[in-house]
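Let's take a walk through this fold, one piece at a time. Keep the 3D view open and follow along as we go.

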Amino acid sequence: MDFQIMGNSKFLPTYDKFSPAPRGTVHDAPRSQPTLSYIMPCQRPYIQHHLNEAEQDTIPEDLPAPTGKYKLKYQQYASEMKDGYKQYIQRSAEKPKPGKGPEANKKVEGACLDDLITLDRKALLQQGYADSPYHRRSSAKKSDVETVALEKKRQTVAEQMMVDHLSRIRTNSTLTENDLSQKVEFEGRVLSRNGRDACRELIGFFFAHDQSLTVYEYRMFGKNRTSVLPFIKKDVYCHQYGQRKGEQYELGDFYTGATLTFLSCDHPSLPKSIKENALLRLRITSIDQVALDSLKAASAEPGREDPVSQEAQDQLVLQAIQEKLKEQLHTKGVRILTGLGKYFQRLDKEGNGLLEKTDFQQALETFHLEVSEQDFESSWLILLGHGHSQNKVDYGEFKRAIFGEMNEYRKSFVRKAFMKLDFNKTGTVSVIDIRKCYCAKKHPRVISGHSTEEEIKSSFLETLKDACSKPDEVSYGEFEDYYEGLSVGIAGDEDFVNILCTPWGI
């Protein structure tokens, strides 16, 4: 029986059939028309020998019988693909199809498809990966490897932190190892559209004994070389932004999704690209919840939780506006959010990320986004109350306030995909490299034969390049905007992760 072992490697053809044959006999395929099959690169020396004989129109008589190893692998693979595609067909059949039957003019999943342009339809093709057959076994294996690597990284940083504060740093206090062990560990990222800064791997610690904190940057060079460097020196810090500006950080300020703010002038060792902005914003992407709960339980203070505080009320106002806009973005999110990114960049003549009120009003009108005057004024007052000057607001923050943003779990995979593409750590990726890395083999339309790999890849590149200010490269901010827009129409986190993991192989 002829079969093919799938994979990303290049395979060499051979003229041997994979059917068992007794020793001393030859296969009954005609010598003038040998049957092609494929085998893996690890068998190249073996195959090269038989290719040379095939050129002489001879077939060896002592060909060994094939092992069942490759047959079993192929049968398992074929079974998984078949079952997965059957499930995909069933799910597709259950979904409403626009343009057919009496429901054609109704909204599909809360968004009307009548006003979609070709660019929107091509962008929506990426959502097909959410329904692609998912290999849970290999995914679980990869997850286990990543968990071990993450734990090793955390341990390396924690050890370096202990060494720094117990040996290298001279203090006039009685700092002990026990004091440093009473801590909560968290991972963070820089809120920035600069790819080099946004993809920095940061691990921080908040110490309960004196309510101080420190942040380290973990760097990896190649496969074996690593470096751990202080990013935010250990000290007691206060909020530099928002309703609680000037108040000292405490345990209740640390949770996944929280934003920590620092004055960049207080940290001379920061990279130049970060020091260009007066304010450094760090977003907590994950936290040691067990340690956090333990420290909260041991704390003498009850913890700051005021559900009717001004900060909580502001958040409710912004969430209500985001819900109203979500339906408008549902199927047009990629085009609108990437378009807004380019629009704001053109208006930002000074390059500081700040724009005036009229700029934002004009942008909403240009992109036909319906925000009532009352909602706009409410959001504007909230943003000004966060410490901005009286006439300008950071447009990145404006987008997050009005449209919301992906949760940190989704965003971690966006950064992971970009970091895989940006192997030179420049913050931008060439379109040529993206084309090389993007793989459409597992897209359901390719599997079913309705589209070719090149068609799916070209659709993706066309919609991504439309988001870019330069025709031949993609910045991290533009890459993030693209997936931010795509994320709006994806309800489940695992579906969104599948959309990223499948074509990028992460």
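**Three helices and a sheet**

α18 and α19 sit oblique to each other, because the angle between them is about 135° and an angle between 115 and 145 degrees counts as oblique. Keep in mind that this is a predicted model. Helix α18 covers residues 476-487 and helix α19 covers residues 493-504, and their axes are 10 Å apart. The crossing of the pair is right-handed. On the α18 side, the contact is made by Phe479, Tyr483, Leu486 and Ser487, while α19 brings Phe496, Ile499, Leu500 and Trp504. Sort those residues by class and you get seven nonpolar, one polar and no charged.

Now bring in a third helix, α14, which spans residues 408-421. α14 packs with α19 at an angle of about 5°, their axes 9 Å apart. That angle is under 35 degrees, so α14 counts as roughly parallel to α19. From α14, the contact uses Tyr409, Arg410, Phe413, Val414, Ala417, Lys420 and Leu421; from α19 it uses Asp493, Glu494, Phe496, Val497, Leu500, Cys501 and Trp504. What is the class make-up of the contact of α14 with α19? It has 10 nonpolar residues, no polar ones and four charged.

α14 also meets α18, with the axes coming within 10 Å and crossing at roughly 140°. These two helices are therefore oblique to each other, and their crossing is right-handed. Here α14 offers Arg410, Lys411, Val414, Arg415, Ala417, Phe418 and Leu421, and α18 answers with Tyr476, Phe479, Glu480, Tyr483, Glu484 and Ser487. This contact divides into seven nonpolar, one polar and five charged residues.

Follow α14 onward and you reach the sheet: the helix lies across β3, β4 (201-207) and β8, running at about 105° to β8. As background, strands of a sheet pair through backbone hydrogen bonds, either parallel or antiparallel. In this model, six strands form an open sheet with antiparallel pairing, in the order β6-β5-β4-β3-β8-β7. β6 (225-235) and β7 (259-263) stand at the edges with a single partner strand each, so one side of each has no neighbour in the sheet. From one strand to the next, the twist averages 35°.

Zoom in on the β7 end. β7 runs antiparallel to strand β8 (residues 279-287), and five bridges join the two. Which residue of β8 is the bridge partner of Leu260? Look for Leu282. Another helix, α8 (residues 289-298), packs on the sheet too, touching β3 (183-190) and β8, and the direction of α8 makes about 130° with that of β3.

Finally, here is how a database record maps onto the chain. An unreviewed UniProt entry carries the annotation "domain: EF-hand" over residues 335-370 and 409-444. Over residues 335-370, the chain is 64% helix and 8% strand, with the end C-alpha atoms 16 Å apart. Over residues 409-444, the chain is 58% helix and 8% strand, and the end C-alpha atoms are 25 Å apart.

Conventions. Residues numbered from 1 in each chain as written. Predicted model: local features only at pLDDT ≥ 70, side-chain atom pairs only at ≥ 80, totals over all residues. Heavy atoms only, no water. Axes fitted to C-alpha atoms, helices over the stretch in contact; angles between N-to-C directions. Helix = DSSP H or I, 4+ residues; strand = E, 2+ residues; numbered from the N terminus. Parallel < 35°, antiparallel > 145°, perpendicular 65-115°, else oblique. Left-handed = near helix turned anticlockwise from the far one by under 90°. Contact = heavy atoms within 4.5 Å. Nonpolar A, V, L, I, M, F, W, Y, C, P; charged D, E, K, R; others polar. UniProt positions renumbered as here; feature names shortened; annotations may be inferred. Pairing = 2+ DSSP bridges.
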